[in-house]
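Welcome, and thanks for taking a look at this one with us. Please open the sequence and the model side by side before reading on.

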Amino acid sequence: MPTSDERTVQQLFDLSGRTALITGGTGWLGGAMSRALAEAGASVVISSRDRERASDAASKLPSPGGAAHHGAQLDHMDGGALEAGFSEAVERAGAVDILINNGLDAVGKDLTNITFEEFARHQVNNAGYFILARRFRDHVVGRGAGGSVVNIGSMYGQVASYPDAYEGVCVASPVAYHALKGGTIHMTRHLAAFYARDNVRVNCLSPGPFPSEAASKDMVDRLCTKLPMKRMGLPYELKGALILLASDAGSYITGQNLTVDGGWTAW
Ligand SMILES: NC(=O)c1ccc[n+]([C@@H]2O[C@H](COP(=O)([O-])OP(=O)(O)OC[C@H]3O[C@@H](n4cnc5c(N)ncnc54)[C@H](OP(=O)(O)O)[C@@H]3O)[C@@H](O)[C@H]2O)c1
């Protein structure tokens with residue numbers, strides 16, 4: 001017999017009545033993750049460095065239960081802009097219950113040519129993820145509510161890349177990116193330990209290879225030989241894992257890194 005407080009699978013994954021803020025919701029994977037949140041019933045605030053781009057992306061989201069979606073301007077590489085962006089999101093939506101730290105200020109250089117300044121700047125992405133997570137924690141605690149943070153990591157925060165996957169085709173995966181995403185995954189554990197008493201869960205979702213349509217075909221062909229499933233991920237294949245971590249379906253999951261990578265890190 002179920003206990004009196006047992007909820008159904010449908011209830012656990014349902015995000016109706018919740019608001020999710022997702023950074024970089026205008027991007028390749030951010031777009032699919034924003035749709036996932038909206039399809040699960042949430043009101044979604046998409047943030048971008050460009051307010052118009054954010055609002056445009058938000059206006060295209062589905063709304064199965066009638067939830068309103070919004071755009072907000074937020075640059076997580078700048079402390080002041082980040083504070084203003086979070087306040088704008090709260091102002092537009094009323095409150096935020098879920099934070100997805102997905103945006104990435106990319107660095108196009110690998111270990112052969114990156115400068116000290118470029119390497120250091122790239123790590124600022126993690127400072128942005130942290131300050132947003134802390135701002136979010138203060139916001140939900142101030143309301144006497146609970147919350148869920150999902151940081152987007154990467155398989156490259158867990159394993160090295162294969163030099164021969166890139167040589168002669170394009171720059172290798174950036175060393176600064178490996179340092180960044182390894183940090184994202186570990187910061188997740190630390191925040192989870194400290195925020196659990198505040199009823200704020202913090203997890204990481206680490207995608208494997210999900211190249212966009214613009215990626216080099218030669219590189220993609222090589223990457224396909226490097227993993228058990230022998231194919232690249234499709235953005236919608238992150239939807240289930242994201243909603244698991246964001247919703248009450250993951251109510252006893254915190255401090256974890258969920259890797260969705262076609263088995264890349266399995267061998
Ligand atoms: N694609 C993959 O294969 C893959 C694999 C593993 C992990 N990931 C991770 O998944 C996430 C999304 O990647 P993606 O492939 O979807 O990248 P993407 O298409 O380049 O999207 C990145 C997004 O980040 C936003 N952004 C850039 N600079 C920002 C800043 N300073 N502040 C706030 N937002 C900023 C951009 O939005 P605006 O330009 O509108 O501001 C853009 O929508 C990243 O964290 C990435 O590391 C991706």
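Which atom of the ligand lies 2.7 Å from a polar side-chain atom of Tyr177? The partner is an oxygen atom of the ligand. Keep in mind as you explore that this is a predicted model.

Tyr177 has company in touching the ligand through polar atoms. The table sets out three such pairs.

| Residue | Protein atom | Ligand atom | Distance |
|---|---|---|---|
| Gly24 | backbone N or O | oxygen | 3.4 Å |
| Thr26 | side-chain N or O | oxygen | 2.7 Å |
| Tyr177 | polar side-chain atom | oxygen | 2.7 Å |

The ligand, taken alone, exposes 900 Å², and the protein buries 83% of that area. The space that the ligand takes is the largest pocket.

Let us now walk around the shell. It is made of 28 residues, with Thr26, Leu29, Ser48, Arg49 and Tyr177 the closest to the ligand. By character, the shell splits into 12 nonpolar, 11 polar and five charged residues. Two helices, α2 (28–39) and α6 (175–195), each contribute at least two residues to this shell. The top contributor is α2, which gives three residues.

Finally, step back to the whole fold. The protein is built with eight helices and seven strands. Its C-alpha atoms fill a box of roughly 55 × 50 × 35 Å along the principal axes. How does the radius of gyration of the protein, at 267 residues, sit beside that of a compact globule? The protein has 18 Å, and this agrees with the value near 18 Å that a compact globule of 267 residues would have.

How values were computed:
Residues numbered from 1 in each chain as written. Predicted model: local features only at pLDDT ≥ 70, side-chain atom pairs only at ≥ 80, totals over all residues. Heavy atoms only, no water. Near = heavy atom within 4 Å. Polar contact = N/O pair within 3.5 Å; in protein donor to acceptor, adjacent residues only side chain to side chain. Areas by Shrake-Rupley, 256 points an atom, 1.4 Å probe, with all protein chains shown as cover. 1 Å grid on protein atoms, 1.4 Å probe; cavity = no way out; pocket = protein on both sides within 12 Å on 5 of 7 lines; lining within 4 Å. Sits in = over half its atoms within 2 Å of the grid points. Helix = DSSP H or I, 4+ residues; strand = E, 2+ residues; numbered from the N terminus. Nonpolar A, V, L, I, M, F, W, Y, C, P; charged D, E, K, R; others polar. Rg over C-alpha atoms; globule rule 2.2 N^0.38 Å.
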